[in-house]
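How are the parts of this chain arranged relative to one another, and what lies where they meet? The report below takes up these points in turn.

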Amino acid sequence: MKILLNNSILIESLRPFNDLGFVPTMGGIHKGHLSLINKSNKICKKTIVSIFLNPKQFNNKKDLMSYPRNIKKDLQILKKSKKVDFVYLPKFEDIYEDNKKSKIKINKKDKILCAKYRKGHFEGVLDVMNRLTKIINPQKIFMGEKDFQQLYLVKNLLKKKYKTKIIPCKTIRDKNKIALSSRNILLSSINHTLAGKIYNELINIKKRIYRKKNISKFLKNQKKQLEINFKVKIDYLEFRNIKNFKLSKKNKNSRLFIAYYINNVRLIDNL
Ligand code: AMP
(Lines give C-alpha, C1' and ligand atoms only; values in the text may rest on other atoms or scores of the structure.)
Protein backbone atom coordinates (compact mmCIF):
# COMPACT_ATOMS: atom_id res chain seq x y z
CA MET A 1 0.00 0.00 0.00
CA LYS A 2 1.64 3.19 -1.20
CA ILE A 3 0.89 6.49 0.50
CA LEU A 4 0.63 9.48 -1.83
CA LEU A 5 1.28 12.74 -0.03
CA ASN A 6 1.01 15.19 -2.92
CA ASN A 7 -0.20 15.50 -6.49
CA SER A 8 3.10 15.03 -8.30
CA ILE A 9 3.76 11.72 -6.49
CA LEU A 10 0.17 10.73 -7.24
CA ILE A 11 0.40 11.48 -10.96
CA GLU A 12 3.73 9.66 -11.24
CA SER A 13 2.49 6.61 -9.29
CA LEU A 14 -0.82 6.24 -11.14
CA ARG A 15 0.55 6.76 -14.63
CA PRO A 16 0.95 3.03 -15.50
CA PHE A 17 -2.61 2.10 -14.49
CA ASN A 18 -5.74 2.32 -16.60
CA ASP A 19 -8.13 0.21 -14.53
CA LEU A 20 -8.30 2.23 -11.36
CA GLY A 21 -11.08 2.09 -8.75
CA PHE A 22 -11.39 5.10 -6.48
CA VAL A 23 -12.98 5.25 -3.02
CA PRO A 24 -13.20 8.84 -1.73
CA THR A 25 -13.53 9.17 2.08
CA MET A 26 -13.20 11.75 4.81
CA GLY A 27 -11.49 9.27 7.13
CA GLY A 28 -12.85 7.63 10.27
CA ILE A 29 -12.57 4.42 8.28
CA HIS A 30 -15.22 1.80 9.12
CA LYS A 31 -16.76 -1.31 7.61
CA GLY A 32 -18.95 0.79 5.30
CA HIS A 33 -15.83 2.21 3.66
CA LEU A 34 -14.26 -1.26 3.59
CA SER A 35 -17.24 -2.65 1.67
CA LEU A 36 -16.63 -0.05 -1.06
CA ILE A 37 -12.94 -0.95 -1.06
CA ASN A 38 -13.72 -4.66 -1.34
CA LYS A 39 -15.96 -4.02 -4.32
CA SER A 40 -13.33 -1.92 -6.04
CA ASN A 41 -10.70 -4.55 -5.33
CA LYS A 42 -12.90 -7.20 -6.96
CA ILE A 43 -13.78 -5.18 -10.06
CA CYS A 44 -10.67 -3.06 -10.69
CA LYS A 45 -6.99 -3.90 -11.06
CA LYS A 46 -5.89 -1.18 -8.63
CA THR A 47 -7.71 0.59 -5.83
CA ILE A 48 -7.01 4.08 -4.53
CA VAL A 49 -8.59 5.46 -1.35
CA SER A 50 -8.48 9.16 -0.53
CA ILE A 51 -8.73 10.57 2.96
CA PHE A 52 -9.56 14.25 2.83
CA LEU A 53 -11.71 16.06 5.35
CA ASN A 54 -13.06 18.65 2.96
CA PRO A 55 -13.76 21.83 4.96
CA LYS A 56 -15.78 23.32 2.07
CA GLN A 57 -18.63 20.86 2.48
CA PHE A 58 -19.21 21.62 6.15
CA ASN A 59 -21.93 24.16 6.61
CA ASN A 60 -21.45 23.96 10.38
CA LYS A 61 -18.07 24.76 11.95
CA LYS A 62 -18.78 22.74 15.10
CA ASP A 63 -19.54 19.68 12.97
CA LEU A 64 -16.19 20.07 11.21
CA MET A 65 -14.31 20.54 14.49
CA SER A 66 -15.87 17.46 16.08
CA TYR A 67 -15.55 15.24 13.00
CA PRO A 68 -13.54 12.12 14.00
CA ARG A 69 -9.97 12.12 12.66
CA ASN A 70 -7.30 9.54 13.27
CA ILE A 71 -5.06 9.10 10.24
CA LYS A 72 -2.77 6.60 11.96
CA LYS A 73 -5.64 4.28 12.84
CA ASP A 74 -7.21 4.72 9.38
CA LEU A 75 -3.96 3.73 7.68
CA GLN A 76 -3.63 0.68 9.92
CA ILE A 77 -7.13 -0.50 9.00
CA LEU A 78 -6.54 0.10 5.29
CA LYS A 79 -3.21 -1.71 5.35
CA LYS A 80 -4.68 -4.66 7.25
CA SER A 81 -7.46 -5.02 4.66
CA LYS A 82 -4.81 -5.83 2.01
CA LYS A 83 -7.24 -4.47 -0.58
CA VAL A 84 -5.79 -0.99 -1.06
CA ASP A 85 -2.98 -0.19 -3.48
CA PHE A 86 -2.78 3.58 -2.94
CA VAL A 87 -3.89 5.99 -0.24
CA TYR A 88 -4.07 9.63 -1.28
CA LEU A 89 -3.64 12.05 1.62
CA PRO A 90 -3.85 15.47 -0.04
CA LYS A 91 -3.34 18.73 1.74
CA PHE A 92 -5.82 21.53 1.19
CA GLU A 93 -3.47 23.11 -1.40
CA ASP A 94 -3.29 19.87 -3.42
CA ILE A 95 -7.02 20.00 -4.00
CA TYR A 96 -7.60 23.74 -4.20
CA GLU A 97 -4.26 24.78 -5.72
CA ASP A 98 -5.77 26.82 -8.53
CA ASN A 99 -7.67 28.85 -5.92
CA LYS A 100 -10.50 29.24 -8.44
CA LYS A 101 -14.00 29.71 -7.08
CA SER A 102 -16.26 26.83 -8.02
CA LYS A 103 -19.03 27.58 -10.51
CA ILE A 104 -20.92 24.43 -9.58
CA LYS A 105 -24.49 25.15 -8.53
CA ILE A 106 -27.31 22.93 -7.31
CA ASN A 107 -30.46 23.16 -9.45
CA LYS A 108 -33.54 24.53 -7.77
CA LYS A 109 -35.34 21.22 -8.18
CA ASP A 110 -32.51 19.44 -6.33
CA LYS A 111 -32.66 21.75 -3.31
CA ILE A 112 -34.47 19.15 -1.25
CA LEU A 113 -33.57 16.84 1.66
CA CYS A 114 -29.96 17.57 2.78
CA ALA A 115 -29.52 20.21 0.06
CA LYS A 116 -32.32 22.16 1.73
CA TYR A 117 -31.17 21.70 5.31
CA ARG A 118 -27.37 21.92 4.84
CA LYS A 119 -26.90 25.07 2.82
CA GLY A 120 -23.76 24.96 0.65
CA HIS A 121 -22.99 21.35 1.61
CA PHE A 122 -23.50 19.72 -1.78
CA GLU A 123 -21.86 22.62 -3.62
CA GLY A 124 -18.77 21.71 -1.55
CA VAL A 125 -19.17 17.98 -2.19
CA LEU A 126 -19.59 18.43 -5.95
CA ASP A 127 -16.65 20.80 -6.14
CA VAL A 128 -14.31 18.41 -4.32
CA MET A 129 -15.54 15.36 -6.27
CA ASN A 130 -14.99 17.25 -9.52
CA ARG A 131 -11.45 18.15 -8.43
CA LEU A 132 -10.61 14.64 -7.13
CA THR A 133 -11.87 13.06 -10.34
CA LYS A 134 -9.80 15.44 -12.43
CA ILE A 135 -6.63 14.77 -10.38
CA ILE A 136 -7.01 10.97 -10.07
CA ASN A 137 -8.82 10.22 -13.33
CA PRO A 138 -10.17 6.83 -12.17
CA GLN A 139 -12.17 4.45 -14.35
CA LYS A 140 -14.66 3.82 -11.54
CA ILE A 141 -15.68 5.59 -8.32
CA PHE A 142 -17.33 3.57 -5.55
CA MET A 143 -19.90 5.41 -3.45
CA GLY A 144 -22.32 4.37 -0.72
CA GLU A 145 -26.11 4.37 -0.93
CA LYS A 146 -26.16 5.57 2.66
CA ASP A 147 -25.56 9.01 1.16
CA PHE A 148 -28.11 8.48 -1.58
CA GLN A 149 -28.64 12.11 -2.52
CA GLN A 150 -24.88 12.65 -2.70
CA LEU A 151 -24.57 9.62 -5.00
CA TYR A 152 -27.33 10.99 -7.24
CA LEU A 153 -25.90 14.51 -7.49
CA VAL A 154 -22.28 13.38 -7.99
CA LYS A 155 -23.35 10.91 -10.67
CA ASN A 156 -25.31 13.60 -12.53
CA LEU A 157 -22.39 16.01 -12.42
CA LEU A 158 -19.60 13.61 -13.37
CA LYS A 159 -21.46 11.96 -16.25
CA LYS A 160 -21.52 15.33 -18.03
CA LYS A 161 -17.75 15.84 -17.66
CA TYR A 162 -15.87 12.52 -17.41
CA LYS A 163 -15.90 8.93 -18.63
CA THR A 164 -15.59 7.76 -15.02
CA LYS A 165 -18.40 5.43 -13.91
CA ILE A 166 -20.01 5.69 -10.49
CA ILE A 167 -20.65 2.34 -8.81
CA PRO A 168 -23.31 2.43 -6.06
CA CYS A 169 -22.69 0.23 -3.01
CA LYS A 170 -25.29 -0.86 -0.51
CA THR A 171 -25.48 0.48 3.04
CA ILE A 172 -23.61 -1.47 5.69
CA ARG A 173 -25.25 -1.52 9.14
CA ASP A 174 -24.12 -2.44 12.63
CA LYS A 175 -25.81 -5.00 14.88
CA ASN A 176 -28.41 -2.40 15.94
CA LYS A 177 -29.16 -1.85 12.25
CA ILE A 178 -27.79 1.69 12.34
CA ALA A 179 -26.08 2.70 9.10
CA LEU A 180 -22.35 2.79 9.83
CA SER A 181 -20.99 6.32 9.80
CA SER A 182 -17.79 7.98 10.99
CA ARG A 183 -19.99 10.18 13.20
CA ASN A 184 -21.41 7.17 15.10
CA ILE A 185 -18.49 7.16 17.53
CA LEU A 186 -19.73 10.54 18.74
CA LEU A 187 -22.89 8.81 20.05
CA SER A 188 -23.11 7.63 23.66
CA SER A 189 -24.14 4.00 24.04
CA ILE A 190 -27.63 5.10 25.14
CA ASN A 191 -28.01 7.20 22.00
CA HIS A 192 -26.65 4.39 19.90
CA THR A 193 -29.44 2.15 21.22
CA LEU A 194 -31.91 4.97 20.60
CA ALA A 195 -30.80 5.23 16.96
CA GLY A 196 -31.42 1.48 16.64
CA LYS A 197 -34.94 1.93 17.99
CA ILE A 198 -35.56 4.75 15.53
CA TYR A 199 -34.46 2.45 12.70
CA ASN A 200 -37.06 -0.14 13.82
CA GLU A 201 -39.73 2.57 13.87
CA LEU A 202 -38.75 3.62 10.34
CA ILE A 203 -39.19 0.06 9.14
CA ASN A 204 -42.70 0.08 10.66
CA ILE A 205 -43.51 3.44 9.12
CA LYS A 206 -42.34 2.26 5.70
CA LYS A 207 -44.56 -0.83 5.91
CA ARG A 208 -47.58 1.38 6.60
CA ILE A 209 -46.89 4.00 3.92
CA TYR A 210 -48.43 1.98 1.11
CA ARG A 211 -51.84 1.87 2.77
CA LYS A 212 -52.00 5.65 3.19
CA LYS A 213 -53.89 7.91 0.81
CA ASN A 214 -52.10 11.06 1.90
CA ILE A 215 -48.47 10.02 2.42
CA SER A 216 -47.19 13.55 3.16
CA LYS A 217 -49.73 14.03 5.93
CA PHE A 218 -48.99 10.57 7.35
CA LEU A 219 -45.23 11.26 7.40
CA LYS A 220 -45.71 14.70 8.92
CA ASN A 221 -47.56 13.05 11.81
CA GLN A 222 -44.98 10.27 12.14
CA LYS A 223 -42.18 12.84 12.20
CA LYS A 224 -43.89 14.65 15.09
CA GLN A 225 -44.42 11.37 16.94
CA LEU A 226 -40.78 10.33 16.54
CA GLU A 227 -39.62 13.73 17.78
CA ILE A 228 -41.81 13.46 20.88
CA ASN A 229 -41.16 9.78 21.63
CA PHE A 230 -37.39 9.78 21.08
CA LYS A 231 -36.62 13.44 21.91
CA VAL A 232 -34.74 13.95 18.64
CA LYS A 233 -34.86 16.78 16.12
CA ILE A 234 -35.75 15.62 12.62
CA ASP A 235 -34.84 17.72 9.55
CA TYR A 236 -36.92 15.63 7.17
CA LEU A 237 -38.83 12.36 6.85
CA GLU A 238 -39.86 11.97 3.23
CA PHE A 239 -40.78 9.23 0.78
CA ARG A 240 -39.11 9.87 -2.56
CA ASN A 241 -38.52 8.24 -5.93
CA ILE A 242 -34.84 7.28 -6.22
CA LYS A 243 -34.61 7.92 -9.96
CA ASN A 244 -35.76 11.55 -9.97
CA PHE A 245 -36.04 12.36 -6.26
CA LYS A 246 -39.64 13.55 -6.62
CA LEU A 247 -42.04 12.89 -3.74
CA SER A 248 -43.42 9.43 -4.33
CA LYS A 249 -46.84 7.88 -4.03
CA LYS A 250 -45.75 4.44 -5.18
CA ASN A 251 -43.80 1.60 -3.70
CA LYS A 252 -41.70 1.08 -6.82
CA ASN A 253 -38.22 2.70 -6.87
CA SER A 254 -38.97 4.63 -3.71
CA ARG A 255 -37.28 5.04 -0.36
CA LEU A 256 -37.96 6.66 2.96
CA PHE A 257 -35.35 9.35 3.66
CA ILE A 258 -34.52 10.74 7.08
CA ALA A 259 -32.03 13.18 8.63
CA TYR A 260 -32.12 13.76 12.36
CA TYR A 261 -30.07 14.97 15.29
CA ILE A 262 -29.37 13.04 18.46
CA ASN A 263 -27.56 15.38 20.84
CA ASN A 264 -26.12 17.53 18.04
CA VAL A 265 -24.90 14.49 16.05
CA ARG A 266 -26.54 14.52 12.62
CA LEU A 267 -27.46 11.12 11.21
CA ILE A 268 -28.98 10.27 7.84
CA ASP A 269 -30.48 7.09 6.50
CA ASN A 270 -32.70 5.78 3.73
CA LEU A 271 -34.62 2.52 3.48
P1 AMP B 1 -17.52 9.55 4.13
O2 AMP B 1 -16.15 9.21 4.63
O3 AMP B 1 -18.57 9.57 5.19
O4 AMP B 1 -17.52 10.78 3.26
O5 AMP B 1 -17.94 8.35 3.18
C6 AMP B 1 -17.14 7.95 2.10
C7 AMP B 1 -17.93 7.00 1.24
O8 AMP B 1 -18.32 5.87 2.02
C9 AMP B 1 -19.23 7.61 0.69
O10 AMP B 1 -19.42 7.15 -0.64
C11 AMP B 1 -20.28 7.06 1.62
O12 AMP B 1 -21.56 6.96 1.02
C13 AMP B 1 -19.71 5.67 1.90
N14 AMP B 1 -20.29 5.14 3.15
C15 AMP B 1 -20.30 5.75 4.35
N16 AMP B 1 -20.96 4.99 5.25
C17 AMP B 1 -21.37 3.88 4.60
C18 AMP B 1 -22.12 2.72 4.97
N19 AMP B 1 -22.58 2.55 6.19
N20 AMP B 1 -22.35 1.78 4.03
C21 AMP B 1 -21.90 1.95 2.76
N22 AMP B 1 -21.20 3.02 2.34
C23 AMP B 1 -20.93 3.98 3.25
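In this predicted model, the C-alpha centres of domain 1 and domain 2 lie 26 Å apart, the chain being divided into domain 1 (2-169) and domain 2 (182-270). The interface can be summarised as follows.

| Interface of domain 1 and domain 2 | Value |
|---|---|
| Residues of domain 1 in contact with domain 2 | 20 residues |
| Residues of domain 2 in contact with domain 1 | 17 residues |
| Buried area | about 1,800 Å² |
| Share of that area from carbon and sulfur atoms | 61% |
| Salt bridges | two |
| Residue pairs in polar contact | seven |

On the side of domain 1 that touches domain 2, the elements giving two or more residues are helix 3 (61-66), helix 6 and helix 8. A salt bridge joins aspartate 63 to arginine 183, with the closest N and O atoms 2.8 Å apart.

Helix 8 (residues 148-161) has 14 residues, which at 1.5 Å a residue should span 20 Å, and its end C-alpha atoms are indeed 20 Å apart, so the expected and modelled spans agree. Several residues of helix 8 are buried, among them Phe148, Leu151, Tyr152, Leu157 and Leu158, and the buried residues of this helix pack against elements including helix 6 (113-117), helix 7, strand 5 (140-144) and strand 9 (265-270).

Within helix 7 (residues 121-136) sits lysine 134, which counts as exposed because its relative accessibility is 63%, over the cut-off of 50%. Lysine 134 is 39 residues from isoleucine 95 in sequence, while their C-alpha atoms are 10.0 Å apart in space.

Technical notes: Residues are numbered from 1 along each chain as its sequence is written. This is a predicted model: local features need pLDDT of at least 70, side-chain atom pairs count only at pLDDT 80 or more; totals for chains, interfaces and linings use all residues. Side-chain values use heavy atoms; hydrogens and water are left out. Helices (H or I, at least four residues) and strands (E, at least two) are DSSP runs, numbered from the N terminus. Buried means under 20% relative accessible area, exposed over 50%, partly exposed in between (1.4 Å probe, protein chains only). The expected span of a helix is 1.5 Å times one less than its number of residues. Contact means heavy atoms within 4.5 Å. Domain bounds come from an automatic or database domain assignment. Buried area is the accessible area (1.4 Å probe) that two parts lose on being put together, summed over both. A salt bridge is a side-chain nitrogen of Lys or Arg within 4 Å of a carboxyl oxygen of Asp or Glu. A polar contact is a pair of N or O atoms within 3.5 Å; within protein, one must be able to donate a hydrogen and the other to accept it, and residues adjacent in sequence count only if both atoms are side-chain atoms.
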